[in-house]
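Hi,

Here is the structure I said I'd pass along. Have a look first, and my notes follow underneath.

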Amino acid sequence: YSQDYSEFLKSYQADVAEYSKSTRYAPKAGTPENSFNISMVPWLEFTSVNLNVFDDGRFLLPIFTLGKYFEREGKLLLPLAIQVHHAVCDGYHVGLFVEKLQRSIAQFGG
């Protein structure tokens with residue numbers, strides 16, 4: 001990660017070149033602590049996604065899945081499914097996150 005978008009993009013493109021053909025779940029070593037994955041299904045519009053991670057209840061990270069953006073009534077929409085483990089997060093917290101995300105998107109576009 002870099003706050004400078006040009007540097008971030010350059011690093012991302014290098015990672016894609018090196019790891020895009022890998023069949024490993026996490027091909028790049030050195031994942032920072034307190035990070036999580038975001039899944040993309042850019043070819044699919046959806047109204048919900050449900051992933052079931054079998055791990056005896058130890059997987060506590062949030063799961064974010066984004067889909068294919070589409071236009072409806074003059075607005076660009078991007079499907080987002082958020083799954084959280086209730087042991088660490090409530091719907092209230094998800095609601096706060098979504099409100100903040102909405103505000104950030106509105107500021108970005110305006």
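Which side chain does Lys10 meet in a salt bridge? The partner is Glu7, with 3.8 Å from N to O. Before you read on, please keep in mind that this is a predicted model, so everything below is computed from it.

**Salt bridges**

There are three salt bridges in the structure. To stay with Lys10 and Glu7 for a moment: they sit three residues apart in helix α1, so about one helical turn separates them. Lys10 is exposed, at 53% relative accessible area, while Glu7 comes out as partly exposed at 42%.

Asp15 and Lys28 make another salt bridge, and their closest N and O atoms are 2.8 Å apart. This pair ties together distant parts of the chain, since Asp15 belongs to helix α1 and Lys28 to the loop between α1 and β1, 13 residues apart. Both ends are partly exposed: Asp15 has a relative accessible area of 24%, and Lys28 has 38%.

Then there is Arg58 with Asp56, whose side chains meet at 3.9 Å, N to O. Arg58 is exposed at 61%, and Asp56 is exposed too, at 59%.

**The sheet**

The sheet is an open one with three strands, in the order β1-β2-β5, and its pairing is mixed. β1 (38–41) and β5 (80–83) are the edge strands, each pairing on one side only. On average, neighbouring strands are turned by 15 degrees against each other, ignoring direction.

As a reminder, strands of a sheet pair through backbone hydrogen bonds, and they can do so in parallel or antiparallel fashion. You can find both here. β1 and β2 (residues 63–67) run parallel and are joined by four bridges; along that pairing, Ile38 stands opposite Phe64 and Ser39 stands opposite Thr65. On the other side, β2 and β5 run antiparallel, again with four bridges, and Leu66 has Leu80 as its bridge partner in β5.

How many of the five residues of β2 are buried? Five of the five are, so the strand is largely enclosed by the rest of the structure. The cover is on both faces: Ile63, Thr65 and Gly67 are buried on one side, and Phe64 and Leu66 on the other.

For contrast, take a look at Ala106 in helix α2 (residues 91–109). Ala106 counts as exposed, because its relative accessibility of 54% is over the 50% cut-off. Ala106 and Phe64 are 42 residues apart in sequence, and their C-alpha atoms are 20 Å apart in space.

**Aromatics and a nonpolar patch**

I count four aromatic pairs in the structure. One of them is Tyr5 with Phe8, a tilted pair with 6.4 Å between the centres and 35 degrees between the planes. Like Lys10 and Glu7, Tyr5 and Phe8 are three residues apart in helix α1, about one turn of the helix. Tyr5 is exposed at 57%, and Phe8 is partly exposed at 35%. Together with Tyr1, they form one aromatic cluster.

Finally, there is a nonpolar patch on the surface, made up of Phe36, Ile38, Met40, Val53, Phe59 and Leu61, with about 520 Å² of accessible area together. You've already met one of these residues: Ile38 is in strand β1, opposite Phe64 in β2.

Cheers

How values were computed: Residues are numbered from 1 along each chain as its sequence is written. This is a predicted model: local features need pLDDT of at least 70, side-chain atom pairs count only at pLDDT 80 or more; totals for chains, interfaces and linings use all residues. Side-chain values use heavy atoms; hydrogens and water are left out. Two strands pair if DSSP finds at least two bridges between them. Helices (H or I, at least four residues) and strands (E, at least two) are DSSP runs, numbered from the N terminus. Axes are lines fitted to C-alpha atoms, for helices over the stretch in contact, and angles run from 0 to 180 degrees between N-to-C directions. Rings of Phe, Tyr and Trp (its six-membered ring) pair if their centres lie within 6.5 Å; planes under 30 degrees apart count as stacked, over 60 as edge-to-face and the rest as tilted. Buried means under 20% relative accessible area, exposed over 50%, partly exposed in between (1.4 Å probe, protein chains only). Patches are made of residues with over 30% relative accessible area and no salt bridge: like charges are joined within 9 Å, nonpolar side chains (Val, Leu, Ile, Met, Phe, Trp, Tyr) within 5 Å. Accessible areas come from the Shrake-Rupley method with a 1.4 Å probe; for residues, only the protein chains shown count as cover. A salt bridge is a side-chain nitrogen of Lys or Arg within 4 Å of a carboxyl oxygen of Asp or Glu.
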